[in-house]
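I have a chain open on the screen and a notebook next to it. I'll jot down what I look up as I go.

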Amino acid sequence: MNQNLPNNALAFIALCNEYCMAVENARESLLPSFAGNMLRLLPRIYISASDLVNIPEVMQYREEEPYVSQALEEDYYESVRRSLESLLGEHDTYLEVFEEDMKYSDTPIAATVSEQLADLFQVMYNFLETVREATTDVTYEALASVSNDFESYWSRTLCNVMRPLNQLYYSELKGDDEAFDSDY
């Protein structure tokens, strides 16, 4: 990876890496510490991804329909999702209120934290694989692509998954002080 990138691009790459490592290692985590870690990481990723539009080179590539290769294999995605599902257990499913189809439905629409976190993992994993050994131009193109995708869909996924994680962390797990103390 090229080190001549602006600090906000390097910060975004570092946060993506930290997120991917946390998700890949979820099976070794305790639920309270994992939820707390996600609640610390996701807002920082949101801010960092939002700031990508302030990089002139990123904006230049955004006009050219940039592309990030799909490096994550379906089996690995599914393995990550199942690991998250296992960790979250009964706390995985929640009612989604910001789903577009909700306005046409008489019944609530369920979503899962595990799938949303795995979807974010897919975006960041593919991005990291693209920039790992990339030239500066390819890195800017990948940053532009991830910035476009952030605006069009994964920013909503990130925001939506924070609500159930927040509920889980501060309501469901708060009474389990032993679990909070044991993993810090």
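In what order do the elements of the chain run from the N terminus on? I read off α-α-α-α-β-β-α-α-α. That comes to seven helices and two strands. Note to self: this is a predicted model.

**Entry 1: the whole chain**

I looked up burial and contacts before anything else. Of the 184 residues of the chain, 45% count as buried. I then took the contacts with a separation of 6 or more, and residues 24 or more positions apart account for 77% of them.

**Entry 2: helix α5**

I went to helix α5, residues 113-131. Does its length fit a helix of 19 residues, or what should I expect it to span? At 1.5 Å a residue it should span 27 Å, and the end C-alpha atoms are 27 Å apart, so the two agree.

Next I asked how many of the 19 residues of α5 are buried. I got 15, so α5 is largely enclosed by the rest of the structure.

I picked N126 as a residue to look at, since it lies in α5. Is N126 buried or exposed? It is buried, with a relative accessible area of 4%. Leaving out residues up to four places away in sequence, N126 touches V68, S69, Q70, A71 and L72.

**Entry 3: what packs on α5**

A reminder before the numbers: two packed helices are described by the angle between their axes and the distance between the axes.

I took α2 to begin with, residues 31-50. α2 and α5 pack at an angle of about 50°, and their axes are 13 Å apart. That angle makes α2 oblique to α5. The crossing is left-handed. Which residues meet there? From α2 I noted F34, M38, L42 and I45, and from α5 L117, L120 and M124. The α2 residues made me think of the helical repeat. An α-helix has 3.6 residues a turn, so residues three or four places apart point the same way.

Then α4, residues 74-88. α4 packs with α5 at an angle of about 140°, with the axes 8 Å apart. I have this crossing down as right-handed. The list of residues that meet: Y76, Y77, V80, R81, L84, E85 and L88 in α4, with V113, S114, E115, L117, A118, D119, F121, Q122 and Y125 in α5. L117 is on this list, and it is on the α2 list as well.

Last in this entry is α6, residues 136-172. The angle between α5 and α6 is about 165°, and their axes lie 10 Å apart. That makes α5 roughly antiparallel to α6. Their crossing is left-handed.

**Entry 4: helix α1 and the cysteines**

I checked the length of α1, residues 7-24, in the same way. Its 18 residues should span 26 Å at 1.5 Å a residue, and the end C-alpha atoms are 26 Å apart, which agrees.

Which residues of α1 are buried? I wrote down A9, F12, I13, L15, C16, Y19, C20, A22 and V23. What covers them includes α2, α4, α5 and α6.

Two cysteines on that list sent me looking for disulfides. A disulfide is a covalent bond between the sulfur atoms of two cysteines. How many are there in this model? With a cut-off of 2.5 Å between the sulfur atoms, the count comes to zero. C16 is in no disulfide, and its nearest cysteine sulfur, that of C20, is 6.6 Å away. I also noted that C16 has 0% relative accessibility, so it counts as buried. C159, by contrast, is partly exposed, with a relative accessible area of 40%.

**Entry 5: two exposed residues**

I wanted a couple of exposed positions too. P56 is in helix α3, residues 56-62. At 60% relative accessibility, P56 counts as exposed. P56 and Y140 are 84 residues apart in sequence, and I get 9.7 Å between their C-alpha atoms.

The other one is A110, which sits in strand β2, residues 109-112. Its relative accessibility is 54%, so A110 counts as exposed. What is A110 in contact with, apart from its neighbours within four places in sequence? The answer is T93 and Y94. I also looked up L95: it is 15 residues from A110 along the chain, and their C-alpha atoms are separated by 4.5 Å.

How values were computed
Residues numbered from 1 in each chain as written. Predicted model: local features only at pLDDT ≥ 70, side-chain atom pairs only at ≥ 80, totals over all residues. Heavy atoms only, no water. Helix = DSSP H or I, 4+ residues; strand = E, 2+ residues; numbered from the N terminus. Expected span 1.5 Å × (residues − 1). Buried < 20%, exposed > 50% of the residue type's maximum accessible area, 1.4 Å probe, protein only. Axes fitted to C-alpha atoms, helices over the stretch in contact; angles between N-to-C directions. Parallel < 35°, antiparallel > 145°, perpendicular 65-115°, else oblique. Left-handed = near helix turned anticlockwise from the far one by under 90°. Contact = heavy atoms within 4.5 Å.
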